[in-house]
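Reader: I'd like to go through the charged side chains in this one. Can we start with the terms and then take the pairs in turn?

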Amino acid sequence: MSRIARRGIHYLQRLNASNVSTALLEKGQNRVIEASLTLIRERAKLKGELVRALGGAIACPSLLGVPLGHNSSFLQGPAFAPPRIREAIWCGSTNSSTEEGKELEDPRVLTDVGDVPVQEIRDCGVDDDRLMNVISESVKLVMEEAPLRPLVLGGDHSISYPVVRAVSEKLGGPVDILHLDAHPDIYHCFEGNKYSHASSFARIMEGGYARRLLQVGIRSITVEGREQGKKFGVEQYEMRTFSRDREYLENLKLGEGVKGVYVSIDVDCLDPAFAPGVSHIEPGGLSFRDVLNILHNLQGDIVAADVVEFNPQRDTVDGMTAMVAAKLVRELTAKIAK
């Protein structure tokens with residue numbers, strides 16, 4: 001638990017001990033939540049109006065930061081990732097063109113609506129049930145401003161559940177999910193936390209928000225992970241068979257018959273030689289070019305995506321993993337924008 005969250009919880013415990021009414025606390029929490037959603041709503045509205053005024057965009061990725069780390073089972077550094085990723089995207093060490101030739105400086109290609117103020121909300125004692133709803137509502141606010149599509153910056157992997165839920169509910173049906181990760185994140189309730197970053201895809205599959213779930217890069221999976229995969233019909237592609245599966249995975253066609261494709265990239269899908277700044281280091285992963293080949297060749301309409309689990313507190317001094325995460329965002333942008 002972060003220092004800010006601990007301070008907020010202790011503060012509320014003192015208020016409760018002083019017999020401050022629950023109704024008073026909830027009223028204040030509701031004001032904070034509404035103010036948070038208002039900021040996202042108005043920024044999304046402004047960016048949507050700008051993109052529509054410029055014309056010509058059918059789909060425009062919009063960055064939405066969710067700086068949440070408290071549902072991590074190990075380290076909580078991913079809460080600090082969104083600003084580091086943004087900094088790396090625009091740091092000037094490379095040009096603004098993606099490999100497929102999209103220009104990020106064109107606001108019709110990429111825009112940004114800011115961050116959900118996770119720690120400020122938690123500091124008011126808001127529990128995770130309500131926090132997950134705030135994240136979902138924030139995603140829906142972005143989607144209401146067509147042609148904006150949410151490209152979410154985590155944060156730990158627990159954020160994928162409220163994001164996918166929002167996307168599916170807003171579009172009116174399930175999506176196909178391409179999930180790149182060292183871990184399947186499909187425990188029923190890891191360490192007793194239903195919102196654990198290790199349980200996000202269990203919640204997604206239970207909710208019926210995905211038709212197909214393809215998990216690629218897996219190399220740390222337990223018996224429960226495999227059993228849960230079978231229970232939900234998950235297509236799990238482990239690194240030990242990647243050479244055999246490569247041709248199929250580099251020519252995926254997803255989203256037909258459903259509402260589109262959702263892409264979730266946990267930075268630890270990559271071998272730590274490429275991305276050491278993660279909480280859970282698992283050798284034997286994908287190369288960066290492996291990931292790009294899968295993304296570039298993917299056939300399907302990507303309606304939303306996330307990049308999660310970058311931990312700046314474990315990055316190299318020169319910010320190598322931040323640049324890797326930024327490049328993933330850049331190339332997802334190019335894949336979504338049209």
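Author: Sure: buried means under 20% relative accessible area, exposed means over 50%, and partly exposed is in between, with a 1.4 Å probe and protein chains only. This is a predicted model, where local features need pLDDT of at least 70, side-chain atom pairs count only at pLDDT 80 or more, and totals for chains, interfaces and linings use all residues. Residues are numbered from 1 along each chain as its sequence is written, and side-chain values use heavy atoms, leaving out hydrogens and water.

Reader: Is Glu238 buried or exposed?

Author: Glu238 meets Arg240 in a salt bridge (2.9 Å, N to O), that is, a side-chain nitrogen of Lys or Arg within 4 Å of a carboxyl oxygen of Asp or Glu. Arg240 is exposed, at 67% relative accessible area. Glu238 has 11% relative accessibility, so it counts as buried.

Reader: What is the relative accessible area of Asp245?

Author: Asp245 forms a salt bridge with Arg244, with the closest N and O atoms 3.6 Å apart. Arg244 is exposed at 64%. Asp245, though, is buried, and its relative accessible area is 12%.

Reader: Which side chain of opposite charge is nearest to Asp156?

Author: Asp and Glu count as negative, Lys and Arg as positive, and His and the chain ends are not counted. Asp156 is buried yet has no salt bridge. At 8.9 Å, the nearest side chain of opposite charge is Arg122.

Reader: How many salt bridges does the structure hold?

Author: One network of them links Arg86, Asp112 and Asp115. The structure's count of salt bridges is 23.
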